[in-house]
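Let's take a walk through this fold together. Have the sequence and the 3D view open side by side, and follow along from one element to the next.

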Amino acid sequence: MAQCLDRIIASMDTGVDDALALAYLLGSADECELSGVIASYGNVDANTAYANTRAVLDLFGRADIPVFLGSEHPSWADAFVPDAGCAQFHGDDGLGNTWLAGSGALADGAGVPGDDMSGDDMSVDVPDGVVSVGGYLAGDVHAHPALGSYPRVGRFRSVDRPQSATSTALVSGGTRRCSVDAADGIEYLIEQVREFGRDVTVLSTGPLTDVDAAITRAPDIASKLRLVMMGGTLTQPGNCWDAVAETNIIQDPEAANRVFHSGADITMVGLDVTHQCLLTRSAADRWRATGTKRGRFLADLADFSIKANLEADTALFSGGMPLHDPLAAAVALDSSLVDCFDLALRAETNTGDFNGVRGRTTGDPVGLVNHSMPHVHVALGVDSGRFLDEFAERMAEVCR
């Protein structure tokens, strides 16, 4: 009898650690089936996330895995502009300036695009309406658009979104697996949860906007939904400007708060545990030593992130880069990697007296008196040694 594999749907704002998580899942094919990836905004804009996801899957020989377009902006805004902070940690292209999804060293042996663009207009066109700049309202003192990065990306690559409702990637053995338009990642998520319930795990490594949109559109899926999410922090400072909020939550606190209260089975893999899982340069060197394009790509991602994190906080990241999204991917396959504390959880949606700080994840005090409130499994302990060993080994294998 065939082995029953874990079924995974990933919602990703594909930057450096999302790509590492994606490669890890591809290297875990004997344990899981990655059914599809929904590309959303966050580290980069949604179009760039789509192109990056497609490029990583192609590099690892998995062009058969469908990629869908997800949310292009948070639920509270009309538009989204990537911010300079994410460019600092993920590069102008979102993939550590490897330019995998466009022209560049890994794509065709050329130099990084844009090197001779001194005369070009490198400004960012901020759209009309309510605009989120990396989670902050345009005009906020903390809103810093990633000037120059995304017009450059747009000039050097086009995004070929899937349009056909009969995409061959959704056909298996001559039988259609999904009836949705391939461009609608939210509808794909809904249909998969309706069909498989908690036999499919939704892995979210970006903002929770996609998951919130699916529950809002189809409230019946909430009780059937198993979600493993990277984001939030309960016992540690955040990694945003206020050192309180975590990046994925600050992008869309309203969506996160609704998801936390939805009744879904949620495991939160936040900074409490990801900051204990640091990838060293020696692991990256091992991948590079395979001599393959895959190994060089993964090593370049790691080297870029290790350098960026060390420059940001020498005390915290002297041991390497935090494996935020890869840890969440690993927990989706093996929940025994983390020890969780269950509590009613909320994301603060306002800043001010008696409101807390927008984007912070805290216990919901109503849960102290209303014990029927949904609880979230918050990871507070992690077997970091076991995870880091397994991660480094699995990635070395997938490089070959």
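A good place to drop in is helix 7, whose buried residues pack against strand 1, strand 2, helix 6 (185-196), strand 9, strand 10 and helix 9 (253-260). Keep in mind that this is a predicted model. Helix 7 itself covers residues 209-217, and the residues tucked away there are Thr 209, Asp 210, Val 211, Asp 212, Ala 214 and Ile 215. Here, "buried" stands for under 20% relative accessible area.

Several of those contacts lead us to a sheet. Strands 1, 2, 9 and 10 belong to an open sheet of 8 strands, which runs in the order 3-2-1-9-10-11-17-14 and has mixed pairing. At its edges you'll find strand 3 (67-69) and strand 14 (338-343); each has a single partner strand, so one side of each is left without a neighbour in the sheet. Go from strand to neighbouring strand and the average turn between them is 25 degrees, ignoring direction.

Now zoom in on some of the pairings. As a bit of background, strands of a sheet pair through backbone hydrogen bonds, either parallel or antiparallel. Which sense do strand 1 and strand 2 use? They pair in the parallel sense, over 7 bridges. One spot to click on is Ile 8, whose bridge partner in strand 2 is Leu 34. Strand 1 is also mostly covered, with 6 of its 7 residues buried. Further along, strand 9 (residues 200-204) and strand 10 (residues 226-230) run parallel too, joined by 4 bridges. There, Ser 204 sits opposite Met 229 of strand 10.

Next, look at what lies against this sheet. Helix 1 packs on it, touching strand 1 (6-12), strand 2 (32-39) and strand 9, and its direction makes about 155 degrees with that of strand 2. Helix 2 (residues 46-59) packs on the sheet as well, this time touching strand 1, strand 2 and strand 3, with its direction at about 180 degrees to that of strand 3.

There's another open sheet to find, made of 3 strands in the order 4-5-6, again with mixed pairing. Strand 4 (79-81) and strand 6 (136-137) are its edge strands, each pairing on one side only. Strand 5 (residues 131-133) runs antiparallel to strand 6, and 2 bridges join them. Across that pairing, Ser 132 has Leu 137 in strand 6 as its bridge partner.

With the sheets in place, let's turn to the open spaces. The largest pocket holds about 890 Å³ of space. Its lining has 40 residues, and those nearest the centre are Gly 85, Phe 89, Asn 239, Cys 240 and Thr 247. Two or more lining residues come from each of helix 1 (16-26), helix 3 (84-90), helix 8 (247-251), helix 12 (293-312), strand 13 (321-322) and helix 13 (324-333). Which element gives the most? That would be helix 3, with 6 residues. Sorted by class, the lining comes out at 16 nonpolar, 17 polar and 7 charged residues.

The second largest pocket has about 220 Å³ of space. It is lined by 13 residues, with Tyr 136, Asp 140, Ile 250, Thr 351 and Arg 358 closest to its centre. Here the lining divides into 6 nonpolar, 4 polar and 3 charged residues.

Definitions and conventions. Residues numbered from 1 in each chain as written. Predicted model: local features only at pLDDT ≥ 70, side-chain atom pairs only at ≥ 80, totals over all residues. Heavy atoms only, no water. 1 Å grid on protein atoms, 1.4 Å probe; cavity = no way out; pocket = protein on both sides within 12 Å on 5 of 7 lines; lining within 4 Å. Points joined across faces, edges and corners; volume = space filled by probe spheres on them. Nonpolar A, V, L, I, M, F, W, Y, C, P; charged D, E, K, R; others polar. Pairing = 2+ DSSP bridges. Axes fitted to C-alpha atoms, helices over the stretch in contact; angles between N-to-C directions. Contact = heavy atoms within 4.5 Å. Buried < 20%, exposed > 50% of the residue type's maximum accessible area, 1.4 Å probe, protein only.
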